[in-house]
Amino acid sequence: MEPIFENWRKFISEMEEPITTLRIFDFDETIAHTESETRVTAPDGSTATLRDQKEFEEYMIAAAAKEGVEAFDAVDKLIELGYQIDLSDFSIVKDPLEISIVTDIMRENPENAKTYIMTARRGNSIGPIIDYLDEIGIDGGNVRVIATQGDSKGDVIAKMLSNKIMPDGKSNINRIEYYEDSQKNIDDVLAKVCKDPNLEDVKPLDFELVINKVINNGDGYRLHPIKCSISN
């Protein structure tokens with residue numbers, strides 16, 4: 001298994017590829033719904049079973065606030081403080097249900113575009129995710145999977161943008177399409193890619209960030225577009 005971030009480090013070295021569009025997909029509740037749960041035992045002996053991403057985020061935010069932890073992803077720091085956090089369900093793709101409104105888009109192959117999956121899962125999930133793509137007829141060889149493992153997706157996407165610099169000082173990437181269900185992650189990407197003044201000098205004149213929020217209506221999924229165009 002490749003080390004964490006090895007895939008996006010390879011991205012940085014692909015300077016000669018005529019890639020101008022990044023298509024970035026979250027995995028859980030974006031590409032597939034799974035039956036994965038997180039089981040937590042706190043240092044005081046209390047336990048919790050977190051059944052979905054919303055419950056997971058709410059628990060981690062509350063636990064981090066209680067312990068005085070400041071981190072976008074507090075899992076590792078909470079473990080250091082004695083929390084037992086069982087993420088074993090997320091090392092596999094457990095009982096997946098394909099979200100076809102998203103996977104149908106993944107099956108498209110736009111010219112001069114590169115497709116990534118960016119997941120907050122740990123690195124041991126990369127192989128099972130690629131295997132799942134192959135199972136549903138998406139060539140895993142054409143998709144690069146990044147396990148952020150503690151870093152925010154906004155930080156990683158900003159690095160990807162700022163590390164593809166052409167001789168004119170501007171990034172080669174003029175369009176980013178991001179598919180995500182978590183409002184926390186969406187807000188992070190908006191803050192660090194769309195609104196961060198430190199990136200303004202490297203954004204091409206026609207830079208465009210388009211976020212498609214994946215929403216579960218209870219009887220199906222839909223996409224809600226959030227557009228951020230920047231004119232330098």
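Start by selecting Leu133, which sits in helix 5; helices here are DSSP runs of H or I with at least four residues, strands are runs of E with at least two, and both are numbered from the N terminus. The model in your viewer is predicted, so local features need pLDDT of at least 70 and side-chain atom pairs count only at pLDDT 80 or more, while totals for chains, interfaces and linings use all residues. Residues are numbered from 1 along each chain as its sequence is written, and side-chain values use heavy atoms, with hydrogens and water left out.

**Stop 1: Leu133 and helix 5**

Is Leu133 buried or exposed? Its relative accessibility is 0%, so Leu133 counts as buried (buried means under 20% relative accessible area, exposed over 50%, partly exposed in between, with a 1.4 Å probe and protein chains only). Now show what surrounds Leu133: apart from neighbours within four places in sequence, it is in contact with Met106, Ile117, Ile138, Gly140 and Val143 (contact means heavy atoms within 4.5 Å). For a distance label, try Leu133 and Thr103: their C-alpha atoms are 9.2 Å apart, with these positions 30 residues apart in sequence.

Widen the selection to helix 5, residues 126-135, where Ile126, Gly127, Ile129, Tyr132 and Leu133 are buried. An α-helix has 3.6 residues a turn, so residues three or four places apart point the same way. The cover over the buried residues of helix 5 includes strand 2, strand 6 (97-98), helix 4 (100-106), strand 7 (113-119) and strand 8 (143-147). Just after helix 5, click on Gly137, which takes a positive phi of about 85°.

**Stop 2: helix 6**

Move on to residues 153-162. Seven of the ten residues of helix 6 are buried, so this helix is largely enclosed by the rest of the structure. The buried ones to colour are Lys153, Gly154, Val156, Ile157, Ala158, Met160 and Leu161.

**Stop 3: the disulfide**

How many disulfides does a search of the whole structure find? The search finds one, where a disulfide is a pair of cysteine sulfur atoms within 2.5 Å. Select Cys194 and Cys228, which it joins with an S to S distance of 1.6 Å. This pair links distant parts of the chain, with Cys194 in helix 7 and Cys228 in strand 11 (residues 221-229), 34 residues apart. Set a dihedral on the S-S bond of Cys194 and Cys228: the torsion is about 65°, so the disulfide is right-handed. Both cysteines, Cys194 and Cys228, are buried.

**Stop 4: Tyr221**

Stay in strand 11 and pick Tyr221. With 23% relative accessibility, Tyr221 counts as partly exposed. Beyond residues up to four places away in sequence, Tyr221 touches Glu29, His33, Ile99, Ile101, Val214, Ile215 and Asn216. For a long line across the view, join the C-alpha atoms of Tyr221 and Ile79, which are 34 Å apart in space and 142 residues apart along the chain.

**Stop 5: the two largest pockets**

Switch on a surface. The largest pocket holds about 730 Å³ of space. On a 1 Å grid over the protein atoms alone, a pocket is an open set of points where a 1.4 Å probe fits, with protein on both sides within 12 Å along at least five of seven lines, and lining residues have an atom within 4 Å of a point. Grid points are joined across faces, edges and corners, and the volume is the space filled by probe spheres set on the points.

Of the 38 lining residues, select Gln53, Phe56, Glu57, Asp73 and Ala120, the closest to the centre of the largest pocket. Strand 2 (32-33), helix 2 (53-67) and helix 7 (183-194) each give two or more residues to this lining, and helix 2 has the largest share, six residues. By class, the lining has 13 nonpolar, twelve polar and 13 charged residues (Ala, Val, Leu, Ile, Met, Phe, Trp, Tyr, Cys and Pro count as nonpolar, Asp, Glu, Lys and Arg as charged, and the others, Gly among them, as polar).

The second largest pocket has a volume of about 340 Å³. Its lining has 15 residues, with Glu29, Gln53, Lys54, Asp181 and Ser182 nearest the centre. Strand 10 gives the largest share of this lining, four residues. By class, the second largest pocket is lined by three nonpolar, five polar and seven charged residues.

**Last stop: zoom out**

The whole chain has seven helices and eleven strands, and 47% of its 232 residues count as buried.
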